[in-house]
Amino acid sequence: MKHYLDFEKPIVELQRKLEELRKHPETHSLGISFEEEAAQIEKKIDETRRLIFSNLTPWQRVQLARHPKPPYTLDYLQLTFGDFSELHGDRLFSDDRAVVGGFARLDEQRVVVIGTQKGRETRENILRNFGSAHPEGYRKALRLMRLADKFGLPIITLIDTAGAYPGVGAEERHIAEAIAVNLREMMLFETPIVAAVIGEGGSGGALGIGVADRVLILENAYYSVISPEGCAAILWKDRAAAAKAAEALKITARELHELGLVDEIIPEPLGGAHNDPETTARALRQHLLKHLKQLQKLSAGERLKKRYDKFRSYGHYLEQQAAA
């Protein structure tokens, strides 16, 4: 069953009109043949789709990033990578199913890949905790990254989470400390690291596996310090102001690239990754390989310095001269 977003309604109406025409070809009434009328509607659908998706607002891109049908981490592990062998557990508490990771191949390159995983239906969402990791998820990710660094394997992370899990149990097991340790350790690993935001990039939950030499983002993904709804609740005291917050936060791929917070935007098929997962997966593979090859030409010391300089350069401010 297809899932349509509110701003896709003009496309849906045209598609329904076309379906009705095909079911009852005798009803066409434009004084032209059935084939010509169907071709006109198909052309109108393509034009409408291009017009809508070339002028999306930041809030509409957030909605697209949250679409329930796009490829998730496990899908990319099948479509983009090969020979994936999953590793479980943090060796401290338990196995968090919101984070998946293990050994894989990217073409002929052996890598360790780690990503946040959402579910598609209720049972799987409960299993995956809606893609929001517990402390043990970040500690599992750290265990795998240390393994990669030990054996000189590049690290690839796929980010798609609304944020780290904020429950009582997570706080009791020190989720802030788990994320903070990941930030510190990822800054020091000598092996190349490439992160890709493939959907939602929410707050510290995303950053916990997002410190990398190169940060890539899908065209319709977003990366933000807080969700638009959370920002709206704080600044406007009303979660209904989420669209206004999304615009103010500058969280879309294009805005993040202009601000220098991501290194490259990975194009998606028209209408979003869910319309053509295979094409999106191929684009992701091409961009990951390109950046890995560039990073592998550098020495470990050069990579560490560039990684440090990259994150130190984040943030801009203006100094006002003191009045005489």
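**Exercise 1. Find the helix that holds Lys 140, decide whether Lys 140 is buried or exposed, and list what surrounds it.**

Step 1. Lys 140 is found in helix α6, which covers residues 135–151; helices here are DSSP runs of H or I with at least four residues, strands are runs of E with at least two, and both are numbered from the N terminus. The model is a predicted one, in which local features need pLDDT of at least 70 and side-chain atom pairs count only at pLDDT 80 or more, while totals for chains, interfaces and linings use all residues. Residues are numbered from 1 along each chain as its sequence is written, and side-chain values use heavy atoms, with hydrogens and water left out.

Step 2. Lys 140 counts as buried because its relative accessibility is 1%, where buried means under 20% relative accessible area, exposed means over 50%, and partly exposed lies in between (1.4 Å probe, protein chains only).

Step 3. The side chain of Lys 140 reaches the backbone oxygen of Asp 96 at 2.9 Å. If neighbours within four places in sequence are left aside, Lys 140 is in contact (heavy atoms within 4.5 Å) with Leu 87, His 88, Gly 89, Asp 90, Asp 95, Asp 96 and Val 99.

**Exercise 2. Work out which parts of the chain the salt bridge between Arg 120 and Asp 75 ties together.**

Step 1. A salt bridge is a side-chain nitrogen of Lys or Arg within 4 Å of a carboxyl oxygen of Asp or Glu, and a search of the whole structure finds 18 of these salt bridges.

Step 2. In one of them, the side chains of Arg 120 and Asp 75 meet with an N to O distance of 2.6 Å. Arg 120 lies in the loop between β3 (109–116) and α5 (122–128), whereas Asp 75 lies in helix α4 (residues 73–79), so the pair ties together parts that are 45 residues apart in sequence.

Step 3. Arg 120 counts as partly exposed because its relative accessibility is 37%, and Asp 75 counts as partly exposed because its relative accessibility is 24%.

**Exercise 3. Follow the salt bridges of Lys 118 to Asp 160 and to Glu 200, and name the network that they belong to.**

Step 1. Asp 160 forms a salt bridge with Lys 118, and their closest N and O atoms are 3.2 Å apart. This pair links distant parts of the chain, with Asp 160 in strand β4 (residues 155–161) and Lys 118 in the loop between β3 and α5, 42 residues apart.

Step 2. Asp 160 counts as buried because its relative accessibility is 3%, and Lys 118 counts as buried because its relative accessibility is 9%.

Step 3. Glu 200 forms a salt bridge with Lys 118 as well, the closest N and O atoms being 2.6 Å apart. Here the link runs between Glu 200 in strand β5 and Lys 118 in the loop between β3 and α5, which are 82 residues apart, and both Glu 200 and Lys 118 are buried.

Step 4. Salt bridges that share partners join Arg 66, Lys 118, Asp 160, Glu 200 and Glu 229 into one network.

**Exercise 4. Name the buried residues of helix α10 and the helices against which they pack, then describe Lys 237.**

Step 1. In helix α10 (residues 228–235), the buried residues are Pro 228, Glu 229, Gly 230, Cys 231 and Ala 232. The buried residues of α10 pack against α3 and α11 (242–249).

Step 2. Lys 237 lies in the loop between α10 and α11, and its phi is positive, about 55°, although Lys 237 is not a glycine. Lys 237 counts as exposed because its relative accessible area is 70%.

**Exercise 5. Place Asn 129 in the chain and decide whether Asn 129 is buried or exposed.**

Step 1. Asn 129 has its place in the loop between α5 and α6, and its phi is near 55°, a positive value in a residue other than glycine.

Step 2. Asn 129 counts as buried because its relative accessibility is 17%.

Note on methods:
A polar contact is a pair of N or O atoms within 3.5 Å; within protein, one must be able to donate a hydrogen and the other to accept it, and residues adjacent in sequence count only if both atoms are side-chain atoms.
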